[in-house]
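Welcome to a short tour of one protein model. Take a moment to look it over, and then we will walk through some of its details together.

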Amino acid sequence: MQLKFNRDELIPAIIQDGQGQVLMLAYMNEESLQKTKETGLTWFYSRSRQQLWQKGESSGHVQRVVKIVADCDYDTLLITVEQIGPGACHEGHPSCFHYPLDGDEAAADTTFDPQVVYGPKILEDVYNVIVDRKEHPKEGSYTNYLLDKGLDKILKKVGEENAEVIIAAKNEDQDELIYEVSDLLYHLMVLLVEKGAKPKQIWEELKSRR
């Protein structure tokens, strides 16, 4: 297969996640495409800076490549990725495509709201960060501390956080309850990683109980 680069020696790359949501559009040259294949992380070519750049290199919100395919004309790439971190957009949105056109009321209803858009996705993002810490340990990381200590330590923390949720629920401070529930959910994600289970399995189990 011979890819067709444009006259600037670039080819557009559409980036989507495993659920088919389009995350962003960027451009690749031969070198960035090769680095993407070699590293398993997305690399692009910046037309404004005229240099290669790795997605998430500074923020840590990298994209792990799952699959790369070309369209029928061989002049556009579709890259399926596992997005690490809250989203692909530098403005903090899950997708770069979030601005409705003027007068498009249907599109306006989908304006980004983290409470609406994220749902289970934010937990999956946290899960993916924990997986990344396990595969690429970071000095001083609390997550790596838990994973290094093993199952018994993780279970101890889950038990402690569960007790903290109960105590917070007995008080009148809702912010405290939200904080403690968030702590519990984080430690539960660490437990899932340790045991090799995935959030998707939880969603499927909950769906079966509807």
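Three aromatic pairs are present in this predicted model. One of them joins Y142 and Y145: the ring centres are 6.1 Å apart and the planes meet at 25 degrees, so this pair is stacked. Both tyrosines belong to helix 5, and because they are three residues apart there, about one helical turn separates them. Y142 is partly exposed, at 35% relative accessibility, and Y145 is partly exposed too, at 37%. Together with Y186, Y142 and Y145 make up one aromatic cluster.

Helix 5, which covers residues 142-149, also contains T143. Is T143 buried or exposed? With a relative accessible area of 11%, T143 is buried. Which residues does T143 touch, once those up to four places away in sequence are set aside? They are I130, R133 and Y186. With Y186 there is also a polar contact between side chains, at 2.7 Å. Y186 therefore appears twice in this part of the model, as a member of the aromatic cluster and as the polar partner of T143, and T143 itself is buried at 11%.

Another ring to look for is that of W43. K35 lies over its face, at 4.4 Å from the ring centre.

Now for the cysteines. How many disulfides are there? The count is zero. The cysteine sulfur closest to that of C89 belongs to C96, and at 4.4 Å it is too far away for a bond, because a disulfide needs the two sulfur atoms within 2.5 Å. Seen from the other side, C96 is in no disulfide either, and its nearest cysteine sulfur is that of C89. C89 is buried, with a relative accessible area of 8%, while C96 is partly exposed at 33%.

The backbone has some details to find as well. Most residues other than glycine have a negative phi. E9 has a positive phi, near 65 degrees, and is not a glycine. E9 sits in the segment before strand 1, which runs over 11-17. Q50, also not a glycine, has a positive phi of about 55 degrees. Its place is the loop between strand 3 (43-46) and strand 4 (51-54).

The table gathers the relative accessible areas of several residues met so far.

| Residue | Relative accessible area | Class |
|---|---|---|
| C89 | 8% | buried |
| T143 | 11% | buried |
| C96 | 33% | partly exposed |
| Y142 | 35% | partly exposed |
| Y145 | 37% | partly exposed |
| E9 | 48% | partly exposed |
| Q50 | 60% | exposed |

Finally, step back to the whole chain. The protein has eight helices and six strands. Starting at the N terminus, the elements follow the order β-β-α-β-β-β-β-α-α-α-α-α-α-α. The C-alpha trace spans about 65 × 45 × 35 Å along its principal axes. Of the 210 residues, 35% count as buried. Among contacts with a separation of 6 or more, 47% come from residues 24 or more positions apart. The protein exposes about 13,400 Å², and carbon and sulfur atoms supply 51% of that area.

Definitions and conventions:
Residues are numbered from 1 along each chain as its sequence is written. This is a predicted model: local features need pLDDT of at least 70, side-chain atom pairs count only at pLDDT 80 or more; totals for chains, interfaces and linings use all residues. Side-chain values use heavy atoms; hydrogens and water are left out. Helices (H or I, at least four residues) and strands (E, at least two) are DSSP runs, numbered from the N terminus. Buried means under 20% relative accessible area, exposed over 50%, partly exposed in between (1.4 Å probe, protein chains only). A polar contact is a pair of N or O atoms within 3.5 Å; within protein, one must be able to donate a hydrogen and the other to accept it, and residues adjacent in sequence count only if both atoms are side-chain atoms. Contact means heavy atoms within 4.5 Å. Rings of Phe, Tyr and Trp (its six-membered ring) pair if their centres lie within 6.5 Å; planes under 30 degrees apart count as stacked, over 60 as edge-to-face and the rest as tilted. A charge sits over a ring if NZ of Lys or CZ of Arg is within 6 Å of the ring centre and within 35 degrees of the ring normal. Accessible areas come from the Shrake-Rupley method with a 1.4 Å probe; for residues, only the protein chains shown count as cover.
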